[in-house]
Amino acid sequence: MHNHLSRTLERLSRVRRERIMPRLHTRLGGVEVEAWTVPDDGEPVSARHALGLGADTGRTTPDYRPFPLGAAWGEAWATTWFRIRGTVDPGRAGPVDLVLDLGWFDHSVGGHCEGLVFTPDGTIVKGLHPRQSDIRLRGDGAVPGLLDADGAFLLHVEAAANPLLLGLPPFVVTEHGEKGAEEPFEQFRLRRAEIAAFSPGIHALACDLDVLGGLAAELSADEPRHWRLLRAIEEALDVYDEADAEASARRARAVLAPLLATPAYASAHRITAVGHAHMDTAWLWPLRETVRKLARTVSNALALLDADPDLVYTMSAAQHFSWLEEHYPQLFARVRHYVEQGRFVPVGGMWVEADGVIPTGESMVRQLTYGKRYFLSRFGREPREVWLPDSFGYSGALPQLARRAGSRWFLTQKISWNDSTVFPHHSFWWEGIDGTRIFTHFPPAETYAAEVTARELHHAVATFKDKAIASHSLLPYGYGDGGGGPTREMAGRLRRFADLEGAPRVLSRAPAEFFQEAEAELRDAGPLQPVYRGELYLELHRGTLTSQAAMKRHNRRCESLLRAAEQLSAAASALRGAPYPRADLDEIWRTVLLHQFHDILPGTSISWVHREARDTYRAVEERLHDLIKQAGAALGGELAGPAEPAAEPGAAVAEAGDGGTVLEDGLLRVVIGDDGHVTSLFDVRNGREVVPPGRRLNELQLFRDEPVRWDAWDVDRHVLRHPQVLDQVTSRRVIRSGPDAGVEVVRRAGTSTITLTMWLRAGTGRFETECAVDWQERERLLKVAVPVRVMARTARFETQYGYVERPLLTNTVDEEAMFEAAMHRYVQVADGDFGVAIVNDSMYGADARADGDSTVVRLSLLRGARFPDPQADVGTHAFRWAVLPGADVPAAVEAAHAFNAPGIAGLSAPLVRLELLTGHALVDWVKQADDGSGDLVVRVYETQGARASARLHCREELGTGAVVWETDLLEREIGGDGDLPVALAGGRRPASEARLDLGPFQVATLRIATHASLKEDVQ
Ligand SMILES: [Zn+2]
């Protein structure tokens, strides 16, 4: 047969673009537009103010002026309010829309200008973006009362002139990440504002053709269905005539109808499609803009839920719900209505979609508990899935923390971004470093912002790795990153894909229903159930562990201060009856948790976001210092000064023959050459030299850091190939401070200055470096090398509640791909029973590789990415690290705690302590219970990946009647009946008899009721 159909899909594409879509709206008439650009500092005003319903204090009264079509509006980040009047002919039948083009690009939904539409009384109608630019004036979906008796209307549009920062080509350096940049800004233009008739028939035809055309393109030419589809499309295009669009569209649809009616194959893959808008809490816009983005996205989602009874929408991040509740109560009320119906589904249960590797264990606990408590308090529901589609890797502690917070499932898709290996599963048991398993799903469409196209559905089925044992997957659809969410078109395609030959079956339902079925299906696979053990390392975005060093330092600092503040406040309350500053601590925690969002803490936002974050962090640290002082004052005599006693007689300093310096204190002997490098670090007790022969410890290495893509995100492997060693010494001197002796070395890199002060801390067994940097470099990576004479296959990098064993070898692709990875406070390597630990006070990125019979650990200090913040990291920084020869993991953990609490280490008024019987465990956190009962909550964990047992000792003042029991992370009692191990067997018991048995890296939350006995003592 002749091939008449070879160009059908090309024909379809052109007819759709030029002859069908232009008929979706038919112009009926113009409108009258006025505009007012918000003056003063350009920051938004309330809708009340702009609508003349009330005035914001100190803001200029709105002054609307006629605004011609085609005129430019908006300086970068400014807001223009449009006031639009018009009249719909009351005699006209069918749906009528107001159609607006604020100057859209054809891409980047949520990444440039956006609008929010209000009625004159302040009711929110919907959000506007390039794929959602019409407002229903009359017909299905119109806001009641929008037209008066004569058909006249008045609408306001709050238009945000958010600049397009990630355009085409991407990653172009821009100054517009701050307001008031000198770089010219191309304004948006109001290109279209008119009243138009909407054609449901044309819309339906477009959806039919999108679905069948997409399907034909995906199906193999070997399949009869492919040819049937092409033939029907060809016929439909023959029938459709734009000169008689409405009627011919009906006839064309009749041609397509039988093709849409043939059901899916019996064994077709099943996809649960959930409406979603991935919403970055801040990124290429400041925090305040996310609040407005939420209103736009949520109002659109609500309009779709109103229009289509089958749709389900999901939203994560308690912080976002909380902003909506505070700033847009009318939308929040409508959200609550749909939450009750199960159609607007809160997911994730965390405060924000946090970074998955940098926050400390307690921070992850609080992400879950602050998140879940919020959802329980507002909706009486607790999300059971952890929802982190976009974070840059996931620690091996997460399965345990999620399960101990009452969650059952975990979702991400980010690991599909790996640059070196392909992850082997999409539905599997993820097993944490402690052995806890959680059902985990990676949506195989490999996006969190699908558009429900045949291509995505086909990709999902083709890619899904677990087809032999599983038949379900999840598809989060809707524009994302900057919000946007699902559209009418996506909903239209979704309906047509429900049960269609050649495509997977597509269901619209809540994620929990999917997870329940998918988990059951996996269990049915018996011994074939896939298990993946350990951290989910993302082979990409390795620079996020280092970018914007201030974020990292402040986060670590806040976590350490919170640890002290909560512990001391609990002690002051328990021992002295001082009020526990719960409201302050809650507010501080929520702020710290907010800044752990996966573009703030990782350092990948615009300058504006990081500038504000630095200010916020400083204020938080001040408040924490105040709380610590307050608790200290209440505790009075309990507060001794810093704990470390001065060693006698102190470190000795001698000259080495070649102009170098020898520091020695009986525990360590350090030789620092005249070039400022450490050539020897000798551990006297163990008789071991730490520095490999011919190597130099504390060598600063500079790398040309020019990523292929994703500047602030990526350190590429090519960057690490050519270190430039900073050899030149600007100045060098021997220094002393009390019993400690050291050498200060100043070096230069370009126009930057780096001062290393290397201390032998007498009597501590610790060789410590303080590093001050005035950083002016762009696109340079700075590392410090710590070569140690230890031969091993792996190094232990601290993570949340434990460590990850990272490969030192590069035998396999996945080992090589881990060329830069996350550490918390220590890296430890050991051969035999000799270990060396390197502890730090603020760094998170490091690499460690075998080098002959030795190991080189390099800590990453600074980068200087130019996108999205061209001035990232410019300025002064301070870092500290220390090398501890002879340290095993328990010693590394104890040192890491002390090293991160300088000055407040001695401020301990411990209410509880552990008497170790076997192994090693730690009281990581002490606080009061979240429910205000006055109970104490103690978090304990096993530190070295072994077993430990310990007796818990409470202070006498807590009273002889103190009772202890084990809880989940939300402080709810758990028994031994679940599948998670308990540390305290046998339920409630007198605190004096508590014995803990902990498995490897097990985290236990203990709750101690003491207040009854204390109330008498306090008087
Ligand atoms: Zn994101």
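**Exercise 1.** In this predicted model, determine how the residues lining the second largest cavity divide by character, and where they come from.

*Solution.* The lining of the second largest cavity divides into six nonpolar residues, five polar and one charged. Next, list the lining: His276, Ala277, His278, Met279, Leu294, Thr297, Val298, Tyr313, Met315, Ser316, His320 and Glu353. Asp, Glu, Lys and Arg count as charged, so the charged member is Glu353. Turning to secondary structure, α6 (287-307) and β14 (313-316) each contribute at least two lining residues. The space in this second largest cavity is about 80 Å³.

**Exercise 2.** Describe the largest cavity by its volume and its lining.

*Solution.* The search yields 11 cavities of 30 Å³ or more. The largest holds about 100 Å³ of space. Its lining has 16 residues, with Val357, Phe392, Tyr537, Leu538 and Leu545 the closest to its centre. By character, the lining of the largest cavity comprises nine nonpolar, three polar and four charged residues.

**Exercise 3.** Classify the ring pair of Phe171 and Phe867, and state whether each residue is buried or exposed.

*Solution.* The ring centres are 5.8 Å apart, and the planes meet at 75°. Since planes over 60 degrees apart count as edge-to-face, this pair is edge-to-face. Buried means under 20% relative accessible area; Phe171, at 15%, is therefore buried, and Phe867, at 1%, is buried as well. In the chain, the partners are 696 residues apart: Phe171 lies in the loop between β10 (152-160) and β11 (188-189), Phe867 in the loop between β41 (854-862) and β42 (875-885).

Conventions
Residues are numbered from 1 along each chain as its sequence is written. This is a predicted model: local features need pLDDT of at least 70, side-chain atom pairs count only at pLDDT 80 or more; totals for chains, interfaces and linings use all residues. Side-chain values use heavy atoms; hydrogens and water are left out. Rings of Phe, Tyr and Trp (its six-membered ring) pair if their centres lie within 6.5 Å; planes under 30 degrees apart count as stacked, over 60 as edge-to-face and the rest as tilted. Helices (H or I, at least four residues) and strands (E, at least two) are DSSP runs, numbered from the N terminus. Buried means under 20% relative accessible area, exposed over 50%, partly exposed in between (1.4 Å probe, protein chains only). On a 1 Å grid over the protein atoms alone, a cavity is a set of points where a 1.4 Å probe fits but cannot get out, and a pocket is an open set with protein on both sides within 12 Å along at least five of seven lines; lining residues have an atom within 4 Å of a point. Grid points are joined across faces, edges and corners, and a volume is the space filled by probe spheres set on the points.
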